[in-house]
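Work through the exercises below with the model open. Each task is followed by a stepwise solution.

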Amino acid sequence: LMATIYQVAERFADRVNRREERARARVARIYGELLARVRPKIDRLAKDIAENGRSAAWLHRQDRLQTLNRMLVGLHREAATASASEIRSARRDAIGLGVEQAERTVLSVSSSFTRAPIEALQKSVNFLADGSPLRGVLAKLGPVASDAMERALVQGIAEGLNPREMASRAVQSSDIARPKALTIARTETMRSYRSASTENYQANSDVVEGWTWLAALDTTTCAMCWAMHGTVH
């Protein structure tokens with residue numbers, strides 16, 4: 001009986017992991033496309049700096065960096081909006097998987113199952129609503145990245161870097177936003193899955209007395225999960 005429960009959990013864990021990886025891949029593609037659109041403009045600006053011996057002060061007076069930054073802010077906002085849409089989709093899928101996993105787990109030990117309302121579950125884990133902290137984090141990705149790019153170019157001038165080095169540093173600096181977006185995608189997918197499962201277990205408290213914390217115990221496992229592995233709640 002316990003083997004059946006673990007098998008059910010493992011199958012659904014594989015499914016939610018695959019869904020999370022697809023979401024992360026899409027978010028990564030969004031930022032990759034953004035960087036591809038920006039790179040030629042950075043290359044041209046860096047080349048102009050090197051060929052004309054322009055100073056950072058001249059660039060500011062000519063509004064060159066400000067123009068580039070305005071474009072970058074717009075592009076990153078576009079990427080943040082697209083990422084938010086992908087994360088919402090991943091969360092909805094994860095909620096559905098969590099409900100289904102809880103149902104099959106409970107039915108493996110009982111003939112009845114009480115399903116928590118999907119709408120309530122979606123609302124309870126709706127961390128991407130306008131004005132929410134997570135939404136605010138996504139909205140800030142643009143200015144953070146554009147400021148980093150400006151610093152990379154100005155510092156490149158001061159250090160006497162060649163155009164290729166300046167452009168490379170600027171593009172790398174602009175990638176600050178992508179790791180954050182990827183982390184959000186993974187965190188929110190997993191959070192939605194766990195929340196939906198937990199809500200449904202609570203709705204079936206007459207059958208489910210508790211749950212055991214299990215972790216993969218590999219290089220992706222955080223210290224907290226290592227410590228909590230095997231504990232009963």
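**Exercise 1.** Classify glutamate 86 as buried or exposed in this predicted model.

*Solution.* Step 1: take the relative accessible area of glutamate 86, which is 12%. Step 2: apply the cut-off, since buried means under 20%. Step 3: glutamate 86 is therefore buried.

**Exercise 2.** Place glutamate 86 in its element and list what glutamate 86 touches, leaving out residues up to four places away in sequence.

*Solution.* Step 1: glutamate 86 belongs to helix H3. Step 2: with those sequence neighbours set aside, its contacts are Arg19, Ala23, Arg26 and Val27.

**Exercise 3.** Describe the largest nonpolar core.

*Solution.* Step 1: this core holds 30 residues. Step 2: Tyr31, Val38, Ile42, Leu153 and Met166 touch the most other members. Step 3: two or more residues come from each of helix H1 (2-52), H3, helix H6 (141-159), helix H7 (163-174) and helix H8 (177-203). Step 4: H1 gives the most, ten residues. Step 5: look at isoleucine 42, which touches Leu68, Met149, Leu153, Ala167, Ala170 and Val171, residues up to four places away in sequence not counted.

**Exercise 4.** Which residues does the second, separate core include?

*Solution.* This core has seven residues, among them Val16, Ala94, Leu97 and Met190.

**Exercise 5.** Locate valine 109 and classify its exposure.

*Solution.* Step 1: valine 109 sits in the loop between helix H3 (64-107) and helix H4 (118-124). Step 2: its relative accessibility is 43%, so valine 109 counts as partly exposed. Step 3: threonine 4 is 105 residues away along the chain, yet the two C-alpha atoms are separated by 9.5 Å.

Methods:
Residues numbered from 1 in each chain as written. Predicted model: local features only at pLDDT ≥ 70, side-chain atom pairs only at ≥ 80, totals over all residues. Heavy atoms only, no water. Buried < 20%, exposed > 50% of the residue type's maximum accessible area, 1.4 Å probe, protein only. Contact = heavy atoms within 4.5 Å. Core = buried A, V, L, I, M, F, W, Y, C linked by side-chain atoms within 4.5 Å.
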